[in-house]
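Q: I'm new to reading structures, and I'd like to zoom in on one part of this one. Could you walk me through a single helix and what comes right after it, in plain words?

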Amino acid sequence: MEPEDPGASAAHVPGAGCNPEQWLDEHGDCLYGYALARVRRQDVAEDLVQETLIAAFRSRERFQGRSTERSWLVGILKNKIVDHYRTLGREQNFTDLESLSDEFSGKFVEAGFWNHDLAPHDWKPASDEVAHREEFWQTMRDCLSKLPSRVADVFMLREMEDLETDEICKTLSISPNNLWVMLHRARMGLRECLEINWFDKVQPGSKGH
C-alpha cells in the first residue's frame with residue numbers, strides 16, 4: 001500500500017494551515033484596506049480588523065482549508081462590517097432622508113432610478129488592475145465622503161457587500177422605498193464625482209497622459 005501523503009490530508013484537518021502569529025503581517029494591510037473602503041473611517045476600520053483577528057483566533061479550529069486563509073479572514077471581516085452597520089441602524093434614525101451636499105444637489109432631480117446605460121465606463125471597478133489600485137480606492141473614499149453618511153452606507157451594503165434589499169432594510173431599519181431613493185442618490189453622486197476625479201484622468205489621451 002502506498003504511504004499516505006501527509007500533505008494531502010492536512011487541508012482537511014480542522015485548523016490546518018492557520019498561522020495566527022503571521023496574520024497581521026501577511027493579511028493586515030489587505031484587511032484594513034478592505035474595511036476602510038467600506039466604513040470610510042480609519043478608527044472604525046482598525047477596530048473591525050482587530051475584532052476580525054480576535055474572532056478568527058477564537059474560531060481557528062473551524063478553518064477547514066477549503067479556501068485560502070486570506071479569503072477566510074475576509075469572510076469574517078465582511079460579517080463584522082455588516083454587524084457594524086446593523087449597530088448603526090439601531091442607533092440612528094434612517095427613516096428621514098438627509099439632503100445631499102450642495103455639490104451634488106442638482107444631480108438628482110431626474111425622475112426614475114439608476115440608468116445603467118448612463119453609467120460611466122467601468123464606473124464600478126471590474127478589473128483586478130483597477131480594483132486593487134490604491135489611487136482608485138482613495139478617490140472612491142473621497143467621493144463617498146461627499147455623500148450624506150446614511151446614503152453612503154446604503155451604497156456600501158448594496159454595491160460592495162452585495163446584500164439583498166430585504167437584508168439591508170432589516171440591518172438599517174429602513175423601508176425599501178427609502179433604500180432605493182438613497183441608492184439612486186448615491187449612484188448618481190458617485191457617478192458625477194468619479195467621472196470628474198477618476199475616469200477623466202485615466203482615459204487615454206486625457207490630460208496628464
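A: Here is a close look at one helix, the loop after it, and a loop elsewhere to set beside it.

Before we start, this is a predicted model, so to speak of local features we need pLDDT of at least 70, and side-chain atom pairs count only at pLDDT 80 or more, while totals for chains, interfaces and linings use all residues. Residues are numbered from 1 along each chain as its sequence is written, and side-chain values use heavy atoms, with hydrogens and water left out.

Our part is helix H7, residues 149–160. Helices here are DSSP runs of H or I with at least four residues, numbered from the N terminus. The expected span of a helix is 1.5 Å times one less than its number of residues. For the 12 residues of H7 that gives 16 Å, and the end C-alpha atoms are 15 Å apart, which agrees.

Now, how covered up is H7? A residue is buried under 20% relative accessible area, exposed over 50%, and partly exposed in between (1.4 Å probe, protein chains only). In H7, 10 of the 12 residues are buried, so the rest of the structure largely encloses this helix. Among them are Val151, Ala152, Val154, Phe155 and Leu157, and also the charged Arg150, Asp153 and Glu159.

Then comes the loop between H7 and H8, where Asp162 sits. Asp162 is not a glycine, yet its phi is positive, near 60°. Most residues other than glycine have a negative phi. With a relative accessible area of 53%, Asp162 is exposed. Glu164 lies in the loop between H7 and helix H8 (165–172) too, and its 54% relative accessibility makes it exposed.

These two acids belong to a negative surface patch, along with Asp166 and Glu167. Patch members have over 30% relative accessible area and no salt bridge, and like charges are joined within 9 Å. A salt bridge means a side-chain nitrogen of Lys or Arg within 4 Å of a carboxyl oxygen of Asp or Glu. Asp and Glu count as negative, and each charge is placed at CG of Asp or CD of Glu. The accessible areas come from the Shrake-Rupley method with a 1.4 Å probe.

For another loop, look at Arg40, between helix H2 (20–39) and H3. Arg40 has a positive phi of about 70° and isn't a glycine. At 22% relative accessibility, Arg40 is partly exposed.

Technical notes
Helices (H or I, at least four residues) and strands (E, at least two) are DSSP runs, numbered from the N terminus. Patches are made of residues with over 30% relative accessible area and no salt bridge: like charges are joined within 9 Å, nonpolar side chains (Val, Leu, Ile, Met, Phe, Trp, Tyr) within 5 Å.
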